[in-house]
Amino acid sequence: MRFNVIRNSIFALILLFCLNNQAQNILKGTIKDEIEGFPIPYAQIKIDCLKAMFMADVNGNFNIEIKPDSCDVTFLSSSYSPIQRTIIFTPKNREYKLDIKLTPSAILLDPAKVVSSKYETNPEKSTNSILVLSPKEAENKNLNTVDGLLNTAGGIAVVDNEPQIRGGSGFSSGMGSRVMILLDNIPMLRPDAGRPMWNFIPMEDVEQIEILKGAASVVFGSSALTGAINVLTAYPRTKPKTKVILFAGIYSDPKNPYQTSWNHQNPIKFGVSFLHSRIIKKNFDFVIGGEYFDDQGYIGPEESISSTRNTNGSTKGKYERRARFNFATRYRFQKIKGLSVSLNGNIMASENAQSFFWFDADTNRYRTYKGSLSKFKDFTGYLDPSVKYISKGGFVHTFRNRILYSKNIESTGAQSAESGSVFDEYQFNKNIPKIGMNIVAGVMNNFAISNGRVFSGDNYSDKPTRMSYDNFSIYTQLEQKFLKNRNLTIIGGGRWEFYSLDNVIENKPIFRAGINYQLNKTKTSFRGSFGQGYRFPSIGEKFIAISVGRFGFYPNPDLQSENSWNAEVGIMQPFSLFDFQGFFDVAFFNQEFENYIEFAMGPWGNSGSIIDRMGFKYLNIGPARISGLDFSFMGEGVISKNVTYSLMVSYTYSNPITKNRNYVYYTDPVTHKEYTFLNSSSDTSRNVLKYRIEHMGKLDLAFTFYKKFTVGLSANYYSSMHNVDKFFFDYDINNPNNTPLRIAILKLMGDLPFSGYYNYFMENKKGSVVFDARVSYNINRVTLSFIVKNLLNKSYTLRPMYVEPLRTFTIQVIYNIN
């Protein structure tokens, strides 16, 4: 009996020991911001003993099963300093609870991990294609404006100031953007022209740039027909920060010496920017920054080289000088928890000259065609007052406002304009983590007014005209997560837009829906989305009325709004291979348009000879479709203890076509000729729309040694535009296909910017590959860089009759004082 008791006792102890060893250890808790106390969504938890990475939910909560009894755990989130903890479980305590508080730092966001946007989401669980850019890239490559940084991103090209996402737009002279540009969730388009104001965005204070590809009108409003770009600025961290950037660069001579536009010293560019940010008395944030930029330009004056052989020309060519000052303040109330008020502001004065056409396609490629150089003096400013309140129940109320003013004085007065806008938005957000639901709703109004001759709607009037529009909208979006691990996400949303401009009033409801499913083990994400788009034409598109270089810009008061729907399916796969960690993403997209708007050249004037009637006009060309493939791959790797590297590769194919080749989009009132895609295009073989880059590839590779010395190389490939306005060929005096009679008539017309364009077009059908290179060395608080853009000095164009910058050599110094 005693033996049985002892045997049973030993067996029970062994069983208890085994059960304890098989018991699961639970690590749980919440990750919060140390300063403001709010939860940090989608923070990462690195479990060393499991060699795995986990992610907190939208409220910063985590609950992880761990088999070993001890483990090192690291808590990370972009813009925060990481914290490491050693966790030890005991038989009596199999559940370990941690409340982690991360300290904000100056660390910038990793584009592969986190997005903090107007509709907060995780890229791996998003139903749309999302990309986040770090301003560190801009510093490394001496990119002084946001559009320069955007040109490094996959699927995006900025052509003549117009951002094109997946070939959604062509050359449009920078007006009427189909991509919504936002600064801190508020539109940053010029009120009258609908043009992005790239040089007005404070690059020195940018924290991240979010790119949403595909129809985003439900989320961001009318102009987000093919996507949205949201630039977010940074508030101070716990430690004060002071940064100064200085640079100086010089342009190379063209490869062909006879094309050199200057006779003496090569043009230079230089600039300085600064930023200071700090927290005062724990609850007042203060940021101040500014920039001075001077670019003498590589495009010469409105004279041929032969006429200025012994001088630098009687006038300057394209150039830009600007001075900008910005500030940001935020006060967090101590007695009213969750309440904060902020006031941000920005002012800029600039002087610039813009070249619209080259003089000709050969010798005078880097000179300006007569009459097409426009000189401006601009003043722009805005104030952004806002209020945010987070209640104890987690209800978030945000009031956003922007008062924007812009004055543009052109030397002749013909293109002068003054405009202003007032933007107001109230947004409500509530996250319910217990059921995996997130609700967003809001109401928005944007009123704009413009006064000037340039948008008078009459090419023969010298009187300034006053125009105004009003855009009101209401919107809502519901996001619901399903399944035990919340790895199935479904969203649905709607927006109702109301527009009024020049006694034209429209209203239209639009909707979106999406789904994302992520595999728990491999973290593979499958997504699909559908979204409607709507865009009302800008004041500029409907009423522009000017002449530039013998050619007019003609108004079209009857221009109709565009409508579209976009469908996308995609897959994102994060991976770790040897010592390389990264992700790849591939998406297939299709967007259908009605009343598609194109910027077209033709005889749109009502009187005079055909050359006097020639010009540009915004026209509805009928139904169109844009479909294709978007692929990206990026990551970071370790070669040895002191050598790391990063790699980014992207490729985008878009097939933008007209769906009706015979659609009559204009009838000439003089000759009664009907204009269609077939008789106005230079290439009708594949129905491809005009001014489109169909293939685009980008690569960036950088190596860092001992965390101090970095060497990098970038390459961008742009396919040539296979279809342009047929008039460019017809009026080229050197086009071998023109008849002797036409050539004789063209000789009587004198110099035209189309001269030599046909041959240039044919010689560059393979597209262009452009290389950039950079080296940098970090010494304590100072980073010295040498950057070469357009390394091989390629002469290339992204839109007709305007050549892109020559090779530039730049030296840059970044000094972090604090």
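**Warm-up: contacts along the chain**

Among contacts in the protein between residues at least 6 apart in sequence, what percentage join residues at least 24 apart? The figure is 66%, where contact means heavy atoms within 4.5 Å.

Before we go on, a word on the model. It is a predicted one, in which local features need pLDDT of at least 70 and side-chain atom pairs count only at pLDDT 80 or more, while totals for chains, interfaces and linings use all residues. Residues are numbered from 1 along each chain as its sequence is written, and side-chain values use heavy atoms, with hydrogens and water left out.

**Exercise 1: the overall build**

Task: describe the protein by its secondary structure, dimensions and surface.

Solution.
- Step 1. Start with the elements: the protein has 45 strands and 10 helices. Both are DSSP runs numbered from the N terminus, with at least four residues for helices (H or I) and at least two for strands (E).
- Step 2. Look at the extent: along the principal axes, the C-alpha atoms fill a box of roughly 125 × 55 × 55 Å.
- Step 3. Check the radius of gyration: it is 29 Å, which agrees with the value near 28 Å for a compact globule of 818 residues. The radius is taken over C-alpha atoms, and the globule rule is 2.2 Å times the number of residues to the power 0.38.
- Step 4. Turn to burial: 56% of the 818 residues count as buried. Buried means under 20% relative accessible area, exposed means over 50%, and partly exposed lies in between (1.4 Å probe, protein chains only).
- Step 5. Finish with the surface: about 35000 Å² is exposed, and carbon and sulfur atoms supply 58% of it. These areas come from the Shrake-Rupley method with a 1.4 Å probe.

**Exercise 2: the charges**

Task: count the positive and negative side chains and say how far apart the centres of the two sets lie.

Solution.
- Step 1. Set the rule: Lys and Arg are positive, Asp and Glu are negative, and His and the chain ends are not counted.
- Step 2. Place each charge at NZ of Lys, CZ of Arg, CG of Asp or CD of Glu.
- Step 3. Read off the result: there are 92 positive and 72 negative side chains, with 7 Å between the two centres.

**Exercise 3: the nonpolar cores**

Task: find which residues touch the most other members of the largest nonpolar core.

Solution.
- Step 1. Recall that a nonpolar core is a set of buried Ala, Val, Leu, Ile, Met, Phe, Trp, Tyr and Cys residues joined through side-chain atoms within 4.5 Å.
- Step 2. In the largest core, which has 82 residues, the answer is Phe455, Phe551, Phe728, Tyr731 and Leu752.
- Step 3. Zoom in on Leu752: leaving aside neighbours within four places in sequence, its contacts include Phe359, Tyr369, Phe551, Ile611 and Tyr731.
- Step 4. Apart from this core lies another, of 41 residues, including Ile181, Leu212 and Val219.

**Exercise 4: positive phi**

Task: compare the settings of Asn161 and Lys707, two non-glycine residues with a positive phi.

Solution.
- Step 1. Keep the background in mind: most residues other than glycine have a negative phi.
- Step 2. Asn161 has a phi of about 75° and sits in the loop between β10 (156-159) and β11 (162-165). Its relative accessibility is 34%, so Asn161 counts as partly exposed.
- Step 3. Lys707 has a phi of about 60° and is found in the loop between β39 (695-705) and β40 (709-718). Lys707 counts as exposed because its relative accessibility is 78%.

**Exercise 5: two residues on one strand**

Task: decide whether Ile474 and Asn471 are buried or partly exposed.

Solution.
- Step 1. Locate them: Ile474 lies in strand β25 (residues 465-482), and Asn471 is in β25 too.
- Step 2. Ile474, at 39% relative accessibility, is partly exposed.
- Step 3. Asn471, at 5%, is buried.
- Step 4. List partners beyond four places in sequence: Ile474 touches Gly442, Val443, Gly494, Arg495 and Trp496. Those of Asn471 are Met444, Asn445, Asn446, Glu497, Phe498 and Tyr499.

**Exercise 6: a loop residue**

Task: work out whether Met197 is buried or exposed.

Solution.
- Step 1. Met197 belongs to the loop between β13 (186-187) and β14 (206-213).
- Step 2. With 8% relative accessibility, Met197 counts as buried.
- Step 3. Beyond four places in sequence, Met197 touches Met188, Leu189, Arg190, Thr380 and Leu404.
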